[in-house]
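Q: Hi! Could you walk me through this one? I'd like to start with how its parts are defined.

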Amino acid sequence: MADDKDVLRDVWFGRIPTCFTLHQDEVTEREAEPFYLLLPRVSYLTLVTDKVKKHFQKVMKPDDVEEMWFEYEGTALKWHYPIGLLYDLHASNTALPWSIFVHFKNFPLQDLLHCPSNSVIEAHFMSCIKEADALKHKGAVVNEMQKKDHKQLWMGLQNDKFDQFWAMNRKLMEYPIEERGFRYIPFRIYQPTSDRPFIQKLFRPVSPDGHVHTLGDLLKEMLPAAIPKDNEKKKYQVVIHGIEPMLETPIQWLSEHLSHPDNFLHISIIPAQCD
Amino acid sequence: MMSGAGGRTECMWKRHIAEQLKLRDRVQRQAFEEIIHQYNRLLEKSDLQAVLSERLQTDKFDLQNKQDLSPGSDSSRSDALLQEIQQIRIRHQEELTELHKKRGELAQNVIQLNNQMQQKDKEIQSNQVKMQEYQQRIEELEGECRDLRTSLQELERANQTLKDEYDALQITFSALEDKLRRTTEDNQELVSRWMAEKAQEANRLNAENEKDCRRRQAKLQKELADAAKEPLPLDPDDDIEVLSEEAAEVPAEGSPSRMVSRTPSKRQSQAPPQAGLLDSISSMFGRRRSVNTSPESTDTHVGVCAEVRVPSTAQHVFVSRPPSVSLTQRLGVPVRLDSRKHVCVCRTPMTVKLMQSASVRDLVS
């Protein structure tokens, strides 16, 4: 169990070194220095970039400043995805630090949601938790919680308080022992090149005949192409929190320990490197 | 065997993940943590420098303007310039140290506030623990309250049952009481009715008796009157005139043989069919007289010889009605004796005795 707790800590305190650079299209009064930041993997872009905004606004005329958004190699970064997922999905295997362009104009409405304030992020975060709990416990746990318990989850994430968050999140991870897991595993499988934003289906942690489902079983059912065939080179990487767990890992354990704070297991399937 | 293999594989995937996470952090976090921290400090510093240099620039600009306005000797001007620059530098130095000091204070502040925050966090946690305890206590008390309420309800139900039973018994009791009262009334009524009937019966009897008596008396009176009407040839010395009258009568009937039968025994045998009680009374009167007098003389007078003897037994017994005789001594119960009707009524509820004063007997004269 001590190992499990360490895993939770490592997942929570995962950081990505990021270099924010003002895009060349933006008009400035003087040259803008790049801004470096260690982004928490489990947080959201717009929640941790107040400093970035302040830094770049200093060199800009107030009139030119609209809603801030981020771009990586031509892709607008969705703030409502966790940062770790954005990095794994778009920038795995590239040189660190992660280089992101900052924009203050031409907000890409078709790609991004507006994020006028932190309350919008909170609403999105809580809706994710509720959706996940609906899958795991038919929503029983999250509905039993009081308003202040919900607030504690959110404040834990917002202020990067591991203990505060997990004191409450622990309840969301409980399940009856005789069931050997959640009702369904809340997961989402993302691909960088896909028409669909993600794959999300009902998947039980244990098969009807009592066999424990693994990450491999999940992928076999959702995205068979992600699993390397015998005698073939690996074509895809399955990345969660910047690592590739073994396919034999039980999906229930993954859901309990490698889920993001929104209680979803965000899995990125990215093309394997050629070399 | 299986569990051992399972354990090993579990260790494998778990260890793999732990190792991968550590490796990830080494590459992505630890390698950059310090650099980024330092970069941000430098950035801050350079920002400060930029602000300062800007101010310096404006100062310089002012100075240049002044120089343009007052062109003096070269040496003195350069001296003055040097001095002024020195002064500016000193001033800026001071300003810088002051800012540093301020920064230190602010850092101190931050540390203090952080400490405070931690303390508050601790307080919050202890408060939460307390709140949970209280919550539990509340739940316990609520449970107790529920238990008490249910027992109260049970008691109330039992009480209600007892009350109902009591009411039912009360109703039964009052019904029975009512019945008893009615029965007693009935009884009384029946008794009084019975008494009345009995009284009526007694009255009737009395009346009949009286009537009978009166009738007899009337007859007697009439006979007496009839008897008195007939003028009798009275012999002052002899009082056998009744017999002689009878003897005179007998020949009037036209049968001399009758004279023989004028013996008392014959009379006796003749009297009952002839005239009933009064007749017999009157005859008795006559005989008594004859008894009182000497019949032998009569017989001798008549000249008929017959067996004659003095009556040895009373031939008639009469019931008399004395005005008041107390029967209490005899009956042992209080008795009201009606003098007029000669009916006595016993007043005891169980036995009512009606009796005629037949117990007292006497002869008429």
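A: Happy to! Helices here are DSSP runs of H or I with at least four residues, strands are runs of E with at least two, and both are numbered from the N terminus. Bear in mind that this is a predicted model.

Q: Got it. In what pattern do they follow along chain B?
A: Along the sequence, chain B reads α-α-α-α-α-α-β-β-β. That gives six helices and three strands.

Q: And how much of chain B counts as buried?
A: Of its 365 residues, 14% count as buried. Chain B exposes about 29200 Å², and 56% of that comes from carbon and sulfur atoms.

Q: Switching to the interface: how many residues of each chain are in contact?
A: On chain A there are 37, and they are in contact with 24 residues of chain B. The area buried between the two chains is about 2600 Å², with carbon and sulfur atoms giving 64%.

Q: Which residues in chain A lose the most area to chain B?
A: Those are D10(A), I243(A) and M246(A), which together make up 21% of what that side buries.

Q: What about salt bridges across the interface, how many are there?
A: The rule finds three between chain A and chain B. K14(B) forms a salt bridge with D4(A), their closest N and O atoms being 3.2 Å apart.

Q: Which elements of chain A give two or more residues to that side?
A: They are helix 1 (2-12), strand 1 (15-22), strand 2 (35-40), helix 6 (147-158) and helix 9 (251-257) of chain A. By class, the side of chain A touching chain B has 20 nonpolar, seven polar and ten charged residues.

Notes. Residues are numbered from 1 along each chain as its sequence is written. Chains are lettered from A and ligands numbered from 1 in the order in which they are written. This is a predicted model: local features need pLDDT of at least 70, side-chain atom pairs count only at pLDDT 80 or more; totals for chains, interfaces and linings use all residues. Side-chain values use heavy atoms; hydrogens and water are left out. Contact means heavy atoms within 4.5 Å. Buried area is the accessible area (1.4 Å probe) that two parts lose on being put together, summed over both. A salt bridge is a side-chain nitrogen of Lys or Arg within 4 Å of a carboxyl oxygen of Asp or Glu. Ala, Val, Leu, Ile, Met, Phe, Trp, Tyr, Cys and Pro count as nonpolar, Asp, Glu, Lys and Arg as charged, and the others, Gly among them, as polar. Buried means under 20% relative accessible area, exposed over 50%, partly exposed in between (1.4 Å probe, protein chains only). Accessible areas come from the Shrake-Rupley method with a 1.4 Å probe; for residues, only the protein chains shown count as cover.
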